[in-house]
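Please walk through this structure from its overall fold to its individual residues. The account is best read beside the sequence and the coordinates.

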Amino acid sequence: MTVSRAIDQEFVDMPGRRTADPLAGLATQSSGRLVELRREADRTAHRHPHSEEVIYVISGTGCVWVDGKRHPVEAGDVVLVPAGAAHATVPDVGQTMRLMCFFPHPDLAANLVETDIPVVRDQ
């Protein structure tokens with residue numbers, strides 16, 4: 001058994017988000033990311049071609065944008081994003097969101113494609 005403490009995570013900047021790998025260095029058949037989101041002027045979607053993604057909203061409010069449709073989310077919600085779907089999570093104005101994301105694929109870098117698809121936050 002392994003316990004990964006949030007306070008020990010090293011975050012790196014990615015387009016529109018900061019992420020940390022709580023499973024770094026472990027031999028596992030899945031991957032995960034702790035994600036911090038702040039609302040930015042522009043945001044593009046990304047895809048996971050080899051697996052679905054399970055998102056647990058730890059804190060904050062916003063929306064999950066999937067293939068052009070917005071879905072409101074808040075702390076405690078769980079979202080299942082289908083494999084290959086263009087998506088992004090966007091905080092509401094003035095909000096910072098924290099997420100835990102899980103992927104049934106061991107190598108997230110090989111399962112992440114950034115796109116140039118603009119995310120429409122407000123309709």
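The paragraphs below move from the overall fold to the sheet, the nonpolar cores and the cysteines.

The model is a predicted one. Its secondary structure consists of eleven strands and zero helices, so that the succession of elements from the N terminus reads β-β-β-β-β-β-β-β-β-β-β. The radius of gyration is 14 Å, close to the 14 Å that the globule rule gives for 123 residues, and the protein is therefore as compact as a globular protein of that length. Measured out along the principal axes, the C-alpha trace spans about 45 × 30 × 25 Å. Of the 123 residues, 40% count as buried. Among contacts between residues at least 6 apart in sequence, 70% join residues at least 24 apart.The sheet comes next. Six strands form an open sheet in the order 1-2-3-10-5-8, with antiparallel pairing. Its edges are strand 1 (12-14) and strand 8 (78-81), each of which pairs on one side only. From one strand to the next, the twist averages 30 degrees. In general, the strands of a sheet pair through backbone hydrogen bonds, in either a parallel or an antiparallel manner.

The edge formed by strand 8 can be followed residue by residue. Strand 8 runs antiparallel to strand 5 (residues 53-59), and four bridges join the two. Within this pairing, Tyr 56 has Val 78 of strand 8 as its bridge partner, while Val 54 stands opposite Leu 80. The two faces of strand 8 are distinguished by their cover: Val 79 and Val 81 lie on the covered face, whereas Val 78 and Leu 80 lie on the uncovered one. The residues of strand 8 named as facing Tyr 56 and Val 54 thus belong to its uncovered face.

Attention now turns to the interior. In soluble globular proteins, nonpolar side chains tend to be buried together. Here the largest nonpolar core has 15 residues, of which Ile 55, Val 73, Val 79, Met 97, Leu 99 and Cys 101 touch the most other members. At least two residues of this core come from each of strand 3 (31-38), strand 5, strand 6 (61-66), strand 8 and strand 10 (96-103). Strand 10 supplies the largest share, four residues. A second, separate core consists of seven residues, including Cys 63, Ala 88, Val 90 and Val 119.

Val 73 gives a detailed view of the packing. Leaving aside residues up to four places away in sequence, Val 73 touches Val 57, Gly 60, Thr 61, Gly 62, Cys 63, Val 64, Val 79 and Met 97. Among these contacts, Val 79 and Met 97 are listed with Val 73 as core residues that touch the most other members, and Cys 63 belongs to the second core.

Why does Cys 63 form no disulfide? The closest cysteine sulfur, that of Cys 101, is 14 Å from the sulfur of Cys 63, which is too far for a bond; the cut-off applied is 2.5 Å. Cys 101 is likewise in no disulfide, and the count for the model comes to zero. Both side chains are nevertheless enclosed: Cys 63 counts as buried because its relative accessibility is 4%, and Cys 101 counts as buried at 4% relative accessibility as well.

Conventions: Residues numbered from 1 in each chain as written. Predicted model: local features only at pLDDT ≥ 70, side-chain atom pairs only at ≥ 80, totals over all residues. Heavy atoms only, no water. Pairing = 2+ DSSP bridges. Axes fitted to C-alpha atoms, helices over the stretch in contact; angles between N-to-C directions. Core = buried A, V, L, I, M, F, W, Y, C linked by side-chain atoms within 4.5 Å. Buried < 20%, exposed > 50% of the residue type's maximum accessible area, 1.4 Å probe, protein only. Contact = heavy atoms within 4.5 Å. Rg over C-alpha atoms; globule rule 2.2 N^0.38 Å.
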